[in-house]
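Open the structure in your viewer and have the selection tool ready. The tour goes stop by stop.

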Amino acid sequence: MNAIIRFVPNLFTLGNVLMGFLAIIFIANERMLSAVVCIGIALVLDFLDGFVARLLHAQSELGKQLDSLADAITFGVVPGFILFQMIVITKGYYFVEINEWPFPVLLQASVAGLVPMAAVFRLATFNIQDGHQDHFLGLPTPAMTMFVVSIPLMLEANYHLNFYHPLSDQFIQVLGEIRKWDASDMWLVALLNETITYQIIALILAVLLVSRIPMLSLKFKGITWALNKWRYFLIGWALVCYVIFLIPYFWKLPINYGLIDYLILPIFMIGYFILSFIYATFGGSKETQLKDEV
């Protein structure tokens, strides 16, 4: 019975693997939003496996290794595959058999492979380090994945674009006029229709994953302000984002700042990056690193 109880946290981790597996299938079959749902469930399971392990006092070396392997799939391969598919879409080869792709297209899309490569390197590096500490060094793989999945979430849920074909500037202009998009909306849709956008995103995320820049975590040390002020700043930013999300539903604004609903996730993530860089400059030297799986 004790062995069964100690294995319970691993069931959550294996559920994470299943969600990553299903997300890959959905991405390959034009179901990006279904993949986003899978990633959302995986994020919850990734939190629960460590939480349940501590609750049941069932931490183990097996659980640690399983957690990294699961994260390599769900928070490494899946976001890389999303970026790969986005590049292929912008090149107009999403519905073309891969054996008919010109080599330059495959080469350009392969830039997305930097993300899973960096994620796996990060997870392996932290697996051989000891100690549970107070912040992340480099971008955590779940945070990186949240940023990537916000792209199809914006395009499909916010702008109602399946985005499986490249869109011309003229088409975006006409569509924007029909749907009454703000100029910022049309600019963003056009930006997300460019191959270079996803290549730059892949490169920046890969660098952040393997960097040594302190990144904020939400692992509280009690409730005191002195020990947790940066975490409170992050929670405060999350509340600000939530208010921004709600404003258009409760007040008529004198200005139109675009379809903000599903932009909140990338806006929050950008704020998280900025806060982390400020923390690295003014507060990171006083604390120590937190491993991904804590």
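Select Tyr159 in this predicted model. Tyr159 has a relative accessible area of 1%, so the residue counts as buried, the cut-off being under 20%. Now add Trp181, which is buried too, with a relative accessible area of 9%.

Next, look at the rings of Tyr159 and Trp181. They form an edge-to-face aromatic pair, 5.3 Å centre to centre, with 75 degrees between the planes. The pair links distant parts of the chain: Tyr159 sits in the loop between α6 and α7, and Trp181 in the loop between α7 and α8, 22 residues apart.

How many aromatic pairs does a search of the whole structure find? There are 4. For another one, select Tyr94 and Tyr164. Their ring centres are 5.4 Å apart and their planes lie at 10 degrees, so this pair is stacked. Tyr94 belongs to the loop between α3 and α4, Tyr164 to the loop between α6 and α7, so the pair ties together parts 70 residues apart in sequence. Tyr94 is buried at 13% relative accessibility, and Tyr164 at 9%. Add Phe95: with Tyr94 and Tyr164 it makes one aromatic cluster.

Move to helix α8, residues 183-191. Its buried residues are Asp185, Met186, Leu188 and Val189. Viewed down the axis, they fall within an arc of 160 degrees, so they line one face of the helix. They pack against α6 and α7. On the other side of α8, Ala183 and Trp187 are exposed.

Last stop: the surface. Select Ile5, Phe47, Phe51, Leu55 and Leu56, which make a nonpolar patch of about 470 Å². Helix α2 gives the most to this patch, with 3 residues. Leu55 lies in α2 and counts as exposed at 56% relative accessibility.

Key. Residues numbered from 1 in each chain as written. Predicted model: local features only at pLDDT ≥ 70, side-chain atom pairs only at ≥ 80, totals over all residues. Heavy atoms only, no water. Patch = residues over 30% accessible without salt bridge, like charges linked within 9 Å, V, L, I, M, F, W, Y side chains within 5 Å. Areas by Shrake-Rupley, 256 points an atom, 1.4 Å probe, with all protein chains shown as cover. Salt bridge = Lys/Arg side-chain N within 4 Å of Asp/Glu carboxyl O. Helix = DSSP H or I, 4+ residues; strand = E, 2+ residues; numbered from the N terminus. Buried < 20%, exposed > 50% of the residue type's maximum accessible area, 1.4 Å probe, protein only. Arc of directions from axis to C-beta. Contact = heavy atoms within 4.5 Å. Phe/Tyr/Trp six-rings, centres within 6.5 Å; stacked < 30°, edge-to-face > 60°.
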